[in-house]
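Here are a few short exercises to work through with the model open in your viewer. Try each task before you read its solution.

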Amino acid sequence: MTRVPDHNGTTTFSVLKVLYLLAVTAIAFMVPAFATTRPARWLVIPALLTLQVVILLGFRFPIGEIVRPIWRLKWLFLFLIGCYVLLPAESPGAGDVVLLWRVPLLDWVLPLNLTGLERAALMCLQILTLLLASTVVRLTGSGSDLVDGLRAFRLPDLFVYSLDHTLALLGGAKKSRRGRAEAAGQGGTLSTVKRLLRGDIGGFVQTIRTNIERAGERPGHESDRRLGPQLVHDIGIVTGIALCMASIKVIRLLPGLPFAPGHKAILLFPLYVLASRLTHSRWGGTVAGSIMGVIGFLQGDGRFGVLEILKHVAPGLVIDLAGPLVRRLPAWALGYCFLGLAAAAGRITTELVLVLLLGARTEVYLFPAAVLVPNLLAGFLSGFVTIFVLRAFTRSDDNVNTDRDAQAETKPDEAAEIPSQQLAAEPPKLGASVSPVRQK
């Protein structure tokens, strides 16, 4: 694993693609926001959108895939148009053009705000521009340009090496075995969910342990030798937990229907807490969420392109910041339930940031508020899973350490004869990392 690619040309191209995505996003949302550039909004935004379509068509991207984002965002677009067309102007002296439309067969006169329709249409074009620009970065080039570009920006080692290792484990299977491996992973995840519904937490804990051990079985690389033991330990923990998150993301309950949005947080939030508790780093949960966000973006997950990464980063940041306070409280589930509530509120950051960037009217904030209630419920319920997972890890690791101490006392000669290779092959002692003591 290397920080940046060996070829400078590849690195430059990757960095340019990341900068391109940032520039398109900034232009799309800043032009309508400032009075000096607002008159050019109907020239700049459609031109940017047309540029993304031309690039995708140039790479022979199917036209159906370009149109698909419009259908995925149909409810948001209808909500925006309804708010701006059917509601009165935001201020009495705004000077909006209103058309009085008489409803056929009914003696109703419905005022239609044409100025509001123009604003809503521009917002829809801004969202589509961001989404298609994200698609350009994700699907053109080698497919790893975003990751290479992030490496070139010299981000923290824990994030870079964990992301490298996670992507290697997710895509390192041979082509002949890839289908069977993915099917087995999905089947194992669904089996774990079924056991959780029956109240059996052991399967979920075992899945986490298996992925952490799998992530820890890394061949020695020359570039890894300069890393400290704590960083190597944290990379294994974050990578294993990111693998668990990726397997949970494949679960589909009633696909295509807006059923219980945020329900996966019941399983995801305990993984954030575990990453925060088992790592020496202060930002273990944030790094795990960042990796999950980047992987989800590369897989085309979510509706708002690169902004979807915020949906995975925000819960980890909340948990890392509030985790020390929760650990000072008695070890009971209610404390982690409230921590899950705070993380769930952060999970809808994507929608809030998008509405804020659009400069939308107050009524539009009802759209993210509509998904807040099921997210808060899932976040609250995740606290019960979190407490059981933490207790399972603590109890299991304490038992292992006790057994080792007993063997060392009863058989000191045999313990002295253990080969160094066997000691090096033992899995990391997670019990020490679960304790509240953290290296800073």
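This is a predicted model. In the protein chain, residues 24 or more positions apart account for 79% of the contacts with a separation of 6 or more. The protein chain has 20 helices and two strands, and of its 440 residues, 43% count as buried.

**Exercise 1. The H4 and H5 pair**

Task: Describe how helix H4 (residues 74-86) and helix H5 (residues 114-139) pack.

Solution:
- Start with the geometry. Two packed helices are described by the angle between their axes and the distance between the axes.
- For H4 and H5, the axes come within 7 Å and cross at roughly 155°.
- Next, classify the angle. Angles over 145 degrees count as roughly antiparallel, so H4 and H5 are roughly antiparallel to each other.
- Then add the handedness: H4 passes H5 in a right-handed crossing.
- List who touches whom. H4 contributes Leu76, Phe77, Leu80, Ile81, Tyr84 and Val85, while H5 contributes Gly116, Leu117, Arg119, Ala120, Met123, Cys124, Ile127 and Leu128.
- Finally, sort these residues by character: twelve are nonpolar, one is polar and one is charged.

**Exercise 2. The nonpolar cores**

Task: Find which residues have the most contacts inside the largest nonpolar core, and how many residues that core has.

Solution:
- The largest nonpolar core has 60 residues, and Phe204, Ile208 and Val389 have the most contacts inside it.
- Helix H11 (residues 265-278) supplies the largest share of this core, ten residues.
- Zoom in on Ile208. Leaving out residues up to four places away in sequence, Ile208 touches Cys244, Leu271, Leu274, Val389 and Phe393.
- Now look for another core: a second, separate one has 32 residues, among them Ala28, Ile66, Ala120 and Leu122.

**Exercise 3. Two residues inside helices**

Task: Decide whether Leu278 is buried or exposed, and do likewise for Gln52.

Solution:
- Begin with the cut-off: buried means under 20% relative accessible area.
- Leu278 lies in helix H11. Its relative accessibility is 0%, so Leu278 counts as buried.
- For a view of the chain's path, take His233: Leu278 and His233 are 45 residues apart in sequence and 9.2 Å apart in space, C-alpha to C-alpha.
- Gln52 belongs to helix H2 (residues 41-58). With a relative accessible area of 0%, Gln52 is buried too.
- To see what surrounds Gln52, set aside residues up to four places away in sequence; Gln52 then touches Tyr20, Val24, Thr129, Leu132, Ala133 and Val136.

Notes
Residues numbered from 1 in each chain as written. Predicted model: local features only at pLDDT ≥ 70, side-chain atom pairs only at ≥ 80, totals over all residues. Heavy atoms only, no water. Axes fitted to C-alpha atoms, helices over the stretch in contact; angles between N-to-C directions. Helix = DSSP H or I, 4+ residues; strand = E, 2+ residues; numbered from the N terminus. Parallel < 35°, antiparallel > 145°, perpendicular 65-115°, else oblique. Left-handed = near helix turned anticlockwise from the far one by under 90°. Contact = heavy atoms within 4.5 Å. Nonpolar A, V, L, I, M, F, W, Y, C, P; charged D, E, K, R; others polar. Core = buried A, V, L, I, M, F, W, Y, C linked by side-chain atoms within 4.5 Å. Buried < 20%, exposed > 50% of the residue type's maximum accessible area, 1.4 Å probe, protein only.
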